[in-house]
Amino acid sequence: MPQRKLDVVLDSVKRLLRVGATSNLVNLLQKQHPADLAQLFSELPDKDRHAAFSLLAERNGRLAMEALSELGPEAGAALLADRSAEDIVKLLQELPSDDAAAIIDYLPEELSSAVLELFQKRPAGGDVGELLEYAEKTAGRIMNPKVFALSEDMTAGESITALQNARDVEMVFYLYVVDDRKHLVGVVSLRRLLLVSPETPLKRIMTADLISARVDMDQEEVARQVAAYNLLAIPVTDEENKLVGIITVDDVIDVIKDEATEDIYRLAGVAGDERAFTPAGESLRKRVPWLAVNLATAFLAAGVVALFEKQIDLFPVLAIFMPIVAGMGGNAATQTMTVIVRGIALGELTWSNSKKALLKEAVVGIGNGLVLGLAAALVVTITRQSPMLGVVLGLAMVINMFVAATAGTLIPLGLRAANIDPALASSVFITTMTDIFGYFSFLGLAAVFAKYLVPGG
């Protein structure tokens, strides 16, 4: 929804809630698309959001839950958390099993157990419980178990009839073919099925070489498969290659968005589930431990500076230019780390093929150091009338830029090889490296060439 229209609708909702015009409010909400409603709910204050959702849920439960699904499982669970388990189950039945399972997973533990227990008693409620048995962030957790499949012994005509009689089919662009034991054996497109004669056996027109995902495959890898092969959906199989579900491209888009958000947050040392309006106390609790780690590493850099305390006393000008070396190294390392972490996330970069990337980043680092170091040296020479101080600063920048490039490449790769998320831990180690080497190279070179510097700066 365009921002201007959103602002108008938002003001209308607030005004109608304030005057108690519930019928007009529901009519207004029912005219909105579920995605627009989700955007609207996210903009409303907490009290108004609950009130508007409750009114819509009473009159049009399906639309309310579709909007809730667009809002995301965490925010959706927050809107449902003050309701009874019976009400929640009634509303969640409006959603596909995978969306319902995602929301249940974010409910408070006691309420989640009660909702799940009630779900199990319903005819189609077992699917939700089965999905929650799979590990988080796996194909099994995000798949829809209601997948339409055809027997390999059927003809094209029989398949079309079966499709016409099917109900609640998740997606029919691809029709999956199974044997008599439900093993996935092939796939046929709807277009191909309609173009052949009705008597044609599926075995003759299906593609046996197809892309599928195991229930225990990481959801990021699922997203990579869908993106790499330009798929609209991917079938999910168990350890015996039996077809158990399907993941459609809309679910994959959500995965990509969530994973990208998580990686961006982790690069900054922020918890992946924190949002702009997360309570201040909770944000404080999540951020302080990471900042404490940064504080500890900052003391390591301060220790390096302390080693050259006499040189700084003798040449106070060193304190002015010292942050330039560390700061430029940190910025260069962030650039390298961003490129490398992205390459790892997309599966482009592994430890085995990293030599080329390391060589390229080292060349870029040295090149950056030479260009920027020369510029910094000229500035210092002109402003401080000290060519040797300029040389020291320039050389220190070349060294630290090289360190930044190699550390920004090797540290994420090393963490990945150790099964540690490189987005989570790289920044602390890399910042420490560039600070320590930046200060050490600059102050160390100043100590070596001290007799050529002007005392007092």
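## Surface patches and a buried asparagine

Ile253 is one of the residues of helix α16, and in this predicted model its side chain belongs to a nonpolar surface patch that also takes in Phe173, Leu232 and Val249 and covers about 360 Å². With a relative accessibility of 52%, Ile253 is classed as exposed, because the cut-off for that class is over 50%.

Helix α16, which spans residues 249-267, also takes part in a patch of another character, since α16 and α5 (61-71) each contribute at least two residues to a negative surface patch. The members of this negative patch are Glu66, Glu70, Asp250, Asp254 and Asp258, and α16 makes the greatest contribution, namely three residues. Asp250, itself located in α16, has a relative accessibility of 43% and is therefore counted as partly exposed.

A contrasting environment is found at Asn400, a residue of helix α21, which runs over residues 387-417. Asn400 has a relative accessible area of 1% and is therefore buried, the limit for that class being under 20%. When residues up to four places away in sequence are left aside, Asn400 is in contact with Val325, Ala326, Gly329, Thr434, Phe437 and Gly438.

The three residues discussed individually are set out below.

| Residue | Helix | Relative accessibility | Class |
|---|---|---|---|
| Ile253 | helix α16 | 52% | exposed |
| Asp250 | helix α16 | 43% | partly exposed |
| Asn400 | helix α21 | 1% | buried |

Notes
Residues numbered from 1 in each chain as written. Predicted model: local features only at pLDDT ≥ 70, side-chain atom pairs only at ≥ 80, totals over all residues. Heavy atoms only, no water. Patch = residues over 30% accessible without salt bridge, like charges linked within 9 Å, V, L, I, M, F, W, Y side chains within 5 Å. Areas by Shrake-Rupley, 256 points an atom, 1.4 Å probe, with all protein chains shown as cover. Salt bridge = Lys/Arg side-chain N within 4 Å of Asp/Glu carboxyl O. Lys, Arg positive; Asp, Glu negative; His and termini not counted. Charge placed at Lys NZ, Arg CZ, Asp CG, Glu CD. Helix = DSSP H or I, 4+ residues; strand = E, 2+ residues; numbered from the N terminus. Buried < 20%, exposed > 50% of the residue type's maximum accessible area, 1.4 Å probe, protein only. Contact = heavy atoms within 4.5 Å.
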